[in-house]
Every structure is written in structure tokens, then in C-alpha cells.
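Here are a few notes on the charged pairs, for when you have the model open. Have a look and see whether you'd pick out the same spots.

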Amino acid sequence: MKKKVFIIVVLILVGLAGFNFCSGQTSKDKLKEGDMIFHISQSQQSPLIQYATKSTLSHCGIIIEKKDGLYVLEATGTLRLTPLDKFINRGKGKQWWAKRVIDDPIKVKYKNLLGRKYDLSFKKDNKLFYCSELIYYIYKTQFNIELCEYRKVSDYNLVGLKSKLKKRGINVNQLVVAPIDIYNSKKAHNI
């Protein structure tokens with residue numbers, strides 16, 4: 001019962017916080033390699049991410065162009081390529097948002113990242129990745145662009161979450177980057 005009440009409170013608070021980003025979607029045919037794509041995940045941790053970050057966004061990936069279409073490089077379970085439509089369809093209400101950092105054509109080097117396990121404890125520099133850290137890492141290491149600053153976990157809204165964080169091995173002083181931090185990057189623009 002307590003868990004249900006907590007989830008309901010989280011959902012209400014997220015709803016009241018509203019979208020703190022542009023709610024317009026671009027056309028899929030405008031997407032290109034390197035674009036960042038965001039949606040509202042339907043995973044179990046999504047409401048917690050939304051609550052902690054005071055954002056509706058809870059998952060993101062980076063567009064990869066292949067001969068047979070567009071894919072999203074994402075961290076879910078393992079780092080993988082997911083067909084764009086499958087990524088979009090998995091999001092709540094099939095809503096998605098995209099941002100672009102580099103207007104010129106680019107190629108993302110990703111093959112050495114595929115298959116790595118998802119970083120459940122959101123640790124920095126441990127060769128594992130969660131979704132927003134993956135995007136940050138690619139732009140920093142491949143294009144020398146820091147999209148945003150890492151923040152301490154304690155900078156986010158942690159009311160009622162500290163025991164869950166402790167169970168996952170997340171220290172309130174460790175540095176993390178959230179999907180909304182990447183979305184709000186001053187180096188990214190709407191497409």
C-alpha cells in the first residue's frame with residue numbers, strides 16, 4: 001500500500017511540475033546521426049528519475065544512421081542499437097523530443113560500446129553507462145564538447161529516495177548527469 005501511495009504522489013508531483021522543456025516534436029525525417037532523442041520511459045525507475053530531476057523526461061539516446069534506417073544507441077540493460085520506431089513506440093504516449101548539437105554531418109563511433117551492461121549505480125568513469133552519461137561521453141570523447149556539468153546526486157530532489165539510492169550503491173556525493181541536464185544543454189538546439 002505504501003508503495004502505491006508513493007508512486008501516486010510521484011506521478012502527481014511530476015504532473016504538477018509539468019514539462020520544463022519544449023513539447024514540440026520534430027519530424028523523423030529531419031533526424032540525422034548524432035542527434036539526441038528523448039522520451040518518457042515506461043521503466044520502473046522512470047518515475048523516480050522524473051521525481052528526482054523534476055522533469056518529465058526519463059530516457060535518452062543518440063541517433064545512428066545505418067543503410068537500412070535510423071537507430072538509437074541507448075543504454076537499457078546493455079548498450080544497444082534500437083530501431084528508431086521501436087524506441088519511439090516504447091516511450092509513454094509515443095511522445096519524443098530531439099535536440100541537435102552539431103549541424104554538419106558526423107559519424108558516431110559506437111561499435112566498441114555495444115553490449116556493455118547498464119550502469120545501475122550511475123557511477124562516473126567505470127566503463128559502464130546509463131543513458132544520459134552515454135550521450136555525454138560520446139560528445140566529450142569524440143567531439144570534445146561538454147554538453148553540461150555533472151552534478152552531485154544531492155543536487156536533485158531526494159526526498160523519500162535515499163534508502164532506494166543506498167540499495168543501488170548510489171552515494172549522494174557522486175557526480176551524475178540526468179536526461180534533462182543533457183536536454184537543457186546550451187550547446188544543443190531544437191531541430
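Is glutamate 33 buried or exposed?

1. It's buried: glutamate 33 comes out at just 2% relative accessibility, where the cut-off for buried is under 20%. Bear in mind that this is a predicted model.

2. Glutamate 33 has a partner, though: its side chain meets that of lysine 107 in a salt bridge, at 3.1 Å from N to O. Glutamate 33 sits in the loop between α1 and β1, and lysine 107 in the loop between β5 (96–100) and α4 (131–143), so the bridge ties together parts 74 residues apart in sequence. Lysine 107 itself is exposed, at 57% relative accessibility.

3. The loop between α1 (2–17) and β1 (36–39) also holds lysine 28, which pairs with aspartate 85 in helix α3 (residues 84–90), 57 residues away. This salt bridge spans 2.5 Å, N to O. Both ends count as partly exposed: aspartate 85 has a relative accessible area of 40%, and lysine 28 is at 37%.

4. Then there's arginine 151 with aspartate 181, a salt bridge at 2.8 Å, N to O. Arginine 151 belongs to strand β6 (residues 151–152) and aspartate 181 to helix α6 (residues 179–183), so parts 30 residues apart in sequence are tied together here. Arginine 151 is partly exposed, with a relative accessible area of 28%, while aspartate 181 is buried at 10%.

5. As for the overall tally, a search of the whole structure turns up 6 salt bridges, including the one between glutamate 33 and lysine 107.

Conventions:
Residues are numbered from 1 along each chain as its sequence is written. This is a predicted model: local features need pLDDT of at least 70, side-chain atom pairs count only at pLDDT 80 or more; totals for chains, interfaces and linings use all residues. Side-chain values use heavy atoms; hydrogens and water are left out. A salt bridge is a side-chain nitrogen of Lys or Arg within 4 Å of a carboxyl oxygen of Asp or Glu. Helices (H or I, at least four residues) and strands (E, at least two) are DSSP runs, numbered from the N terminus. Buried means under 20% relative accessible area, exposed over 50%, partly exposed in between (1.4 Å probe, protein chains only).
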